[in-house]
Every structure is written in C-alpha cells, then in structure tokens.
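Visitor: Could you walk me through the packing of this protein? I would like to learn how to read its cores and its aromatic rings.

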Amino acid sequence: MRAEAPSPGTGRFLVLGLGCERGTPPLELLDLSLAALARLGAAPETVAFVASLDVRAEEPAMHAVARHFSVPLVTFSAARLEAETPRLANPSDIVFAHTGCYGVAEAAALAQAGRGGRLVVEKTKSAHATVAIAESFQSLAVLSSVSDSAPSHSDSSREHA
C-alpha cells in the first residue's frame, strides 16, 4: 500500500507514534521511523504529526524526529493513552508498569489520529525505541480543536533539522 500526501480536502494524514527510553540516540528513533514509513510505502510528506507520552516531551530524540519531518510533536497524558487500550494491537503489561498505560507508540498515534484513525503499522521496536503509524481521514482543524483529549504541542519541531 502506498500512502499519499495529506490532502486538505479529505484530511488524510499519518501520525508517527513514538516511544523511547530516556537518552535514546536521536538517530536510532529517526532510523526506526523512516524504516516504518518505508515498510508502509509512505512518503515522508504524508506525516502530519509526531505523537508520544507527555513525560517524553523533552527527549531530544522526539524533537529530532519532529524536526526531520517538519511537523509538531504532540504529547498526551498516560490516562489519555490508556483510553486507547481497546484499539491497541500490542498492549503490554511491562509498558503499563513503567508508564501507566498499556502502549505508548500505538496509543499516541491513535490518540492523535482521532476516533476514525486506524493503525497501519503496528508497534515496531529497536533497542531503545518504538514506533507505530496511524492513518486518519479527519480534518486537521478538527483534531486541533478537540478539547477532551487536550494534547500538548511543541512548536519548536517546525524547524527543519
């Protein structure tokens, strides 16, 4: 399946959901993200957001990936990600023990993709990181105005690496 660039008319876009250990090398997370996109057959310009758990909001690796794709880094609380558990392909008791939610990469991608979003790449792991990709057909404006999930955005990711 080849993904197309986000379309303003349809609102179709991809969300990279990311998880990582503290201090993960930025190149490791970026390489994992690029490999997941390549496996999907998706072009980099189809990525509209990078999403993760709020306690990873300051991780340099997260910001490096967001800068690479010139998209915002959006973060969610563990409680918000836990609400995505029924939609996860790979819930993990170990992840829950560390974070308070059963998944980070898949849950963050789905949370940002919205109710109609679906996983198109399940959680993929490297030594210190995870990535998942969700596809959404919602309007970007609708996702930006949803208040019940109240994601945090980082504007510094708009600078290109």
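Guide: Let's start with the core. Leu16, Leu18, Leu37, Val50, Val65, Phe69 and Ile133 touch the most other members among the 25 residues of the largest nonpolar core. Such a core is a set of buried Ala, Val, Leu, Ile, Met, Phe, Trp, Tyr and Cys residues joined through side-chain atoms within 4.5 Å; buried means under 20% relative accessible area, exposed over 50%, and partly exposed in between (1.4 Å probe, protein chains only). This is a predicted model, where local features need pLDDT of at least 70, side-chain atom pairs count only at pLDDT 80 or more, and totals for chains, interfaces and linings use all residues. Residues are numbered from 1 along each chain as its sequence is written, and side-chain values use heavy atoms, with hydrogens and water left out.

Visitor: Which element gives the most to this core?

Guide: That is α1, with six residues. A second, separate core has 23 residues, including Phe13, Ala51, Leu88 and Ala134.

Visitor: And how do I read aromatic pairs?

Guide: A pair of rings is described by the distance of the centres and the angle of the planes. Rings of Phe, Tyr and Trp (its six-membered ring) pair if their centres lie within 6.5 Å; planes under 30 degrees apart count as stacked, over 60 as edge-to-face and the rest as tilted. The whole structure holds two aromatic pairs. Phe13 and Phe49 are edge-to-face, 5.7 Å centre to centre with 65° between the planes. Both Phe13 and Phe49 are buried.

Visitor: What about Phe96 and Tyr102?

Guide: They are stacked, at 4.4 Å centre to centre and 20° between the planes. Phe96 counts as partly exposed because its relative accessibility is 33%.

Technical notes
Helices (H or I, at least four residues) and strands (E, at least two) are DSSP runs, numbered from the N terminus.
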